[in-house]
Amino acid sequence: MGCGMGKSKLQQEKCDKVSISQCPAMRAALLIQRWYRQYVARLEMRRRCTWNIFQSIEYAGEQDQIKLYSFFGFLMDHFTPASSERNLISHIFHENEICRETEWEKYFCYKGIEVPDSYTGPHLTFPMTFCGVSKLVEAFKQKQQLHARYVLQILGETWRLLRVLPNINYVSVSLPQEITICGDLHGQLEDLLLIFYKNGLPSSEKPFVFNGDFVDRGKSSLEILLILFGFLLVYPNDVHLNRGNHEDHIVNLRYGFTKEVMGKYRVHGKKILKLLQKIFSWLPVATVINHKVLVVHGGISNSTDLNIVAKVDRHRYVSVLRPPKMVRQVVDDSKTMSGRNGDSGRPAEGRRRVRSLTDHRSGLAQRSAPPRRSLHDLPVSGPLNHSVEDELRKRRRLAGFNQSYRDTKPSDSDSDPEFGEVTEKDGHEWKQIVDLLWSDPMPQNGCVPNKVRGGGCYWGPDVTEEVLGRHNLQLLIRSHECKQDGYEFCHNHRVLTIFSASNYYEVGSNRGAYIRMGSDLVPHFIQYQASRTCRELTLRQSVGWTERSALRALREQLFVHKSDLISAFQMFDTNNTGLISLRNWATATESVLKLGLPWRVLRGQLVSRTQQGMVDYQQWIRELSITEPKLEVSDTSILETMYKNHSNLETIFRIIDTDHSGLISFEEFRQTWKLLSSHLKMEISDKAIADLAQSIDFNKDGSIDINEFMEAFRLVDLSAHTWQPESGSVEVPV
């Protein structure tokens, strides 16, 4: 009977299949379903390619920042204190010029700043109250600016509170309470306001953890900080702020926060920035929820030890890009003493000196090594060898300086008073902090230096299991990476990434998200997009918008490297035909840009025409649709150098502009270019620099406005305005 029933079922299924095949409606439905699945798959492929472009360009910029700071560290470590090139950048390493508690109190003083009757923004009273912070939130929502007096008051109170907080905050969540965990905000105030709208404002009943990277990139970083600091002051036991890798004044020079503060507070901006350096160094670096969930900004490594992290003097790391040194200070012109630099309100034993980011394998000689490297590839310290001396001479010649550099073994009388060594203990503690702020997870087992970002490490699932097991933890929550859906699990659901800045790369590029977690420690996700425009787009339009933006950014990268690209193409064009294969085009392009992108997949969007599978690379360069300013400069190569190193040049400008006025003299302009040429190991003539300075000194007053200069040389993509999102005209490539 069983066999008979089985046969009956087979016959029935066969009849069903025949009936489906004979039914036109069912057949049409199956065809539509198949087509739709292929359509969505193609859109997803385009979205992933777009994502890879954005992320690769972002990480290349971070790697560039690390290399530039490494070069500055090299100047500090190997040039004499009196040398002019060292003097140009030395102030960024002297974060602790004011170090005694009484002097810091004076520096925070706001009493001499009057609030005029014409001021229409919010008036605050101290100690801060919930009503006061709510008023602040509403004012920022209405685009009002807080008076500098109140800004300094909030910063001063925040500094005093942070100094008594531990490195790791331990938080308890019990029924029916839930804790909210937010990731990167990056100056996007609309995302923070949307979180508050959906979740409610922080309070004793609604505790929050904000997991770093509050600043940079967005336009409202300072407003976000003031709101978070305000709630921290009102609810110090319920609002917890972790430090991110962007809470670092060196990183802020490149990614916009320094410029933002000086633009909003021209009179008191320099003081505000100085105080924020101090506050950033006092931010805790981790939060532990119910002794089971670890929340850090970046991640961990195979050497992460929370017991060590808990004891580190975190305020020593004003910038985590360089470890602090033991310092030797001359006392009474005859005695020397050693001490550990720090300022926690105690008298300091000397100014901080920090170590270079040069590769530890052979000192400075490694500066010509492959460009990808990490903060972990650092020396402990050691005497200069002949290759270093040769490199010093070369650097000085390229930079156009003629002062002598420090001897290999300087005497006490003429040595740098800040000179010091990094102890093994200091180096180990520094690595703990760097890993927490800069690291990223990877799918493979192991732990390797993160040479894509240039800081921290990549750690695998085996490291997650070992570190969490050793500390009796069950989950690691981190941020630091933009995710398309705002969150992402990895490492067998033991690592969770949360990112709260929606539309991070472009409108529609990603959702933001935050976590609600109760006493059961199960994360629940709330996703959102702050842009109304994005919510009105169809999936096809959203993918098309972000794809075009990513391709525009990629075309700019291709354009600024055009000379290097042509040279690379010519290596494959041995017969000088002007044509190379698509495969060779992809290989040469990757060898120049080193972005790790699928160039052969992208060639449909980047290469408009081919001749029997061959690319006319000269014509292709001309068709990139990028315009550049028309200036009369004798040496056009300096323009290409400028485009290629646009961000580095702006960073150096802002370092040299010590008074943050936004203006630099012709001589400072020349010194900027000399520093850049030394960093790039290339020669730029004084005449070319002078021509460039004259061409952009529009009012002929002998000074250069940094912002106007950078805007004047910003490349424009002619294809940027050829598509409107509501047209729905994006083609889906087969």
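Select Tyr-170 in strand E1 and Val-288 in strand E5: the two are bridge partners. E1 (168-171) and E5 (residues 286-289) run parallel and are joined by four bridges. Strands count as paired if DSSP finds at least two bridges between them; helices (H or I, at least four residues) and strands (E, at least two) are DSSP runs numbered from the N terminus.

The model is predicted, so local features need pLDDT of at least 70 and side-chain atom pairs pLDDT 80 or more, while totals for chains, interfaces and linings use all residues. Residues are numbered from 1 along each chain as its sequence is written, and side-chain values use heavy atoms, without hydrogens or water.

**The six-stranded sheet**

Extend the selection from E1 to the whole open sheet, whose six strands follow the order E1-E5-E6-E12-E14-E13 with mixed pairing. E1 and strand E13 (487-490) are the edge strands; each has a single partner strand, so one side of each lacks a neighbour in the sheet. On average, neighbouring strands here are turned by 20° against each other, direction ignored; the axes are lines fitted to C-alpha atoms.

**From E1 to E2**

Next, follow the chain into the loop between E1 and E2, where Pro-176 is found. The peptide bond from Leu-175 to Pro-176 is cis, with omega near -5°. A second cis bond, from Phe-126 to Pro-127, has omega near 5°; Pro-127 can be selected in the loop between helix H4 (101-107) and helix H5 (130-141).

Beyond E2, select His-186 in the loop that leads to helix H7 (189-199). Its phi is near 50°, a positive value in a residue other than glycine. His-186 counts as buried because its relative accessibility is 2%; buried means under 20% relative accessible area, exposed over 50%, and partly exposed in between (1.4 Å probe, protein chains only). Arg-217 also has a positive phi, of about 75°, although it is not a glycine. This residue is in the loop between strand E3 (208-210) and helix H8 (221-234), and at 33% relative accessibility Arg-217 counts as partly exposed.

**Strand E15 and its partners**

Now select strand E15 (residues 512-517), in which five of the six residues are buried. Strand E2 (residues 179-182) pairs with E15 in the antiparallel sense over four bridges, with Thr-180 as the bridge partner of Arg-516. E15 is also joined to strand E16 (residues 523-528), again antiparallel, by six bridges. Within that pairing, Tyr-514 stands opposite Ile-526. E15 and E16 make a hairpin with five residues between them, and Leu-521 in the turn has a positive phi of about 60°.

**Aromatic rings**

Which rings should be displayed next? The structure holds 20 aromatic pairs. Rings of Phe, Tyr and Trp (its six-membered ring) pair if their centres lie within 6.5 Å; planes under 30 degrees apart count as stacked, over 60 as edge-to-face and the rest as tilted. Phe-54 and Tyr-505 form a stacked pair, 4.9 Å centre to centre with 5° between the planes. This pair links distant parts of the chain, 451 residues apart: Phe-54 is in helix H2 (residues 24-78), and Tyr-505 is in the loop between strand E14 (495-498) and E15. Both Phe-54 and Tyr-505 are buried.

The ring centres of Phe-499 and Tyr-504 are 5.0 Å apart with the planes at 75°, so this pair is edge-to-face. Phe-499 and Tyr-504 are likewise buried. For a cluster linked by ring pairs, select Phe-130, Phe-196, Phe-208, Phe-210, Phe-231 and Tyr-235.

Then display Trp-159, with Arg-163 over its face at 4.6 Å from the ring centre. A charge sits over a ring if NZ of Lys or CZ of Arg is within 6 Å of the ring centre and within 35 degrees of the ring normal.

**Helix H14**

Move to helix H14 (residues 424-438), whose 15 residues reach 21 Å from the first C-alpha to the last, close to the 21 Å expected at 1.5 Å a residue; the expected span is 1.5 Å times one less than the number of residues. H14 is largely enclosed by the rest of the structure, because 11 of its 15 residues are buried. Among them are Trp-430, Ile-433, Leu-437 and Trp-438.

**The annotated EF-hand spans**

Finally, select residues 560-595, 644-679 and 684-719, which an unreviewed UniProt entry lists as "domain: EF-hand". The UniProt positions follow the numbering used here, feature names are shortened, and annotations may be inferred rather than shown by experiment. Residues 560-595 are 67% helix and 8% strand, with the end C-alpha atoms 14 Å apart. Residues 644-679 are 72% helix and 8% strand, and their end C-alpha atoms lie 13 Å apart.

Methods:
Axes fitted to C-alpha atoms, helices over the stretch in contact; angles between N-to-C directions.
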